[in-house]
Amino acid sequence: MAAIFKKYFDPVKTKVKSSYINSPVGLMFDLIEAKTGVESAVVAIGLVDSDVNRNGAYQADDVSQFWYKGEMSREDAIDLLKTKPPGTFLIRDSQGFPGSYDLAVKVDTLPSGIHSEPDAVSCDGHVRHHLIERTSTGHVRLKGYPNEPDFDNLSALVYQHTITALDLPIKLILPTVDIAEDFHPMTDQQQESKKLVIKDLLEKGAACNVVYLNNVDVEALSDEMAVAKALNDTFENAEYLQATVVHFKVSNTGITLTDLKKKLFSKRHFPKEYVTYCGLDYETDRFWTYKYNDLEMLPYAKCFGFVSKKSNDTEYSQSENKCHIFVEIDPSQPSTSIVNFVSKVMIGSMHV
């Protein structure tokens, strides 16, 4: 690997060095090399790269009025983006997390394991949401993605993700015109009507029985990556799990699990403010086939999971999340229906 890198990088260094050799700038780079031991050409390349990124951030900032929609609601962001080309995005102020932002982006495909049938989650019409948080140093970053870097400002974050997607599902496309130019937001009456429908659904609630398989620490992960990690762990340790049948109830207060066999616990409640994501198994052709002697299970069943923040107990960090994994046991209550209700009705009713 080192030999390959050297083969391609050395000609670049030679070309860069030829552009400043015997010049005042070259003398400065040579002095830096003498002081630090870093090759002068590498210093020059680093400065050029920083300048390019800085100019790119300026470019993104110049059109920020096209992509920054501070006071836009989540519902309007979805309605605006769902008819746009993949890569179209906007950033708005988060209503549920003051000081943070919601990056909403149109994607070309749904997450793995999520289907487009009428009873499946549609991710708000292929619109994905990512929370941008402000760090203690005043920088901004995508929350829940440890490999994502910190950025000086929103424009720098946007520009970098137009070059490479990093942990986003798709590269962002920098707009050249206002994406909301011909958009007509929902009226107050329409928004209120939608809220009443959701409120009514949550007050009535929805419930079914499922098998509770596992719960896995997923650290800072909070979306389908958390479910994927937890599912992989669950499938790998199927024979060691202590599974039980639970009554899975979704209401206006959150998700309540009641262990019908009182095998692992009596009852557990997860406030809706703590539930950040609910999704199906990302591997569409993977089914749960492992059987437990004391449980009646389907021969082939789909798994799903939801992610919750850990409680405020002193033993836990608030940044830590757990993913709870289940498998369907009632053909009339498939995993897709459960995930759809949790995602679209309960989680979708919260301000983000």
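**Close-up views of a predicted model**

**View 1. Helices α7 and α5 against the sheet in this predicted model.** Helix α7, which spans residues 154-163, lies across β1, β2, β3 and β4 and runs at about 40° to β4. Helix α5 (residues 74-81) lies across β1, β2 (101-106) and β3, with a direction at about 170° to β1.

**View 2. The four-stranded open sheet, with strand order β1-β2-β3-β4.** The pairing in this sheet is antiparallel, and its edge strands, β1 (89-93) and β4 (140-142), each pair on one side only. From one strand to the next, the twist averages 30°. Strand β3, made up of residues 127-134, is joined to β4 by three bridges, and the two run antiparallel; across this pair, I132 of the one strand stands opposite L142 in β4.

**View 3. The surroundings of L257 in strand β7 (residues 254-259).** L257 counts as buried because its relative accessibility is 0%. Beyond the residues up to four places away in sequence, L257 touches Y212, V246, H247, F248, F265, S266, K267, R268, F270 and F326. V245 is twelve residues from L257 in sequence, and their C-alpha atoms are 9.6 Å apart in space.

**View 4. D259, a buried residue without a salt bridge, also in strand β7.** The nearest side chain of opposite charge, that of K262, is 7.4 Å away from D259. The side chain of D259 is, however, joined to that of T244 by a polar contact of 2.7 Å, and one of its polar atoms lies 2.6 Å from the backbone nitrogen of L264. With neighbours within four places in sequence left aside, the residues in contact with D259 are T244, V245, V246, L264, F265 and S266.

Conventions
Residues numbered from 1 in each chain as written. Predicted model: local features only at pLDDT ≥ 70, side-chain atom pairs only at ≥ 80, totals over all residues. Heavy atoms only, no water. Buried < 20%, exposed > 50% of the residue type's maximum accessible area, 1.4 Å probe, protein only. Contact = heavy atoms within 4.5 Å. Lys, Arg positive; Asp, Glu negative; His and termini not counted. Salt bridge = Lys/Arg side-chain N within 4 Å of Asp/Glu carboxyl O. Polar contact = N/O pair within 3.5 Å; in protein donor to acceptor, adjacent residues only side chain to side chain. Pairing = 2+ DSSP bridges. Axes fitted to C-alpha atoms, helices over the stretch in contact; angles between N-to-C directions.
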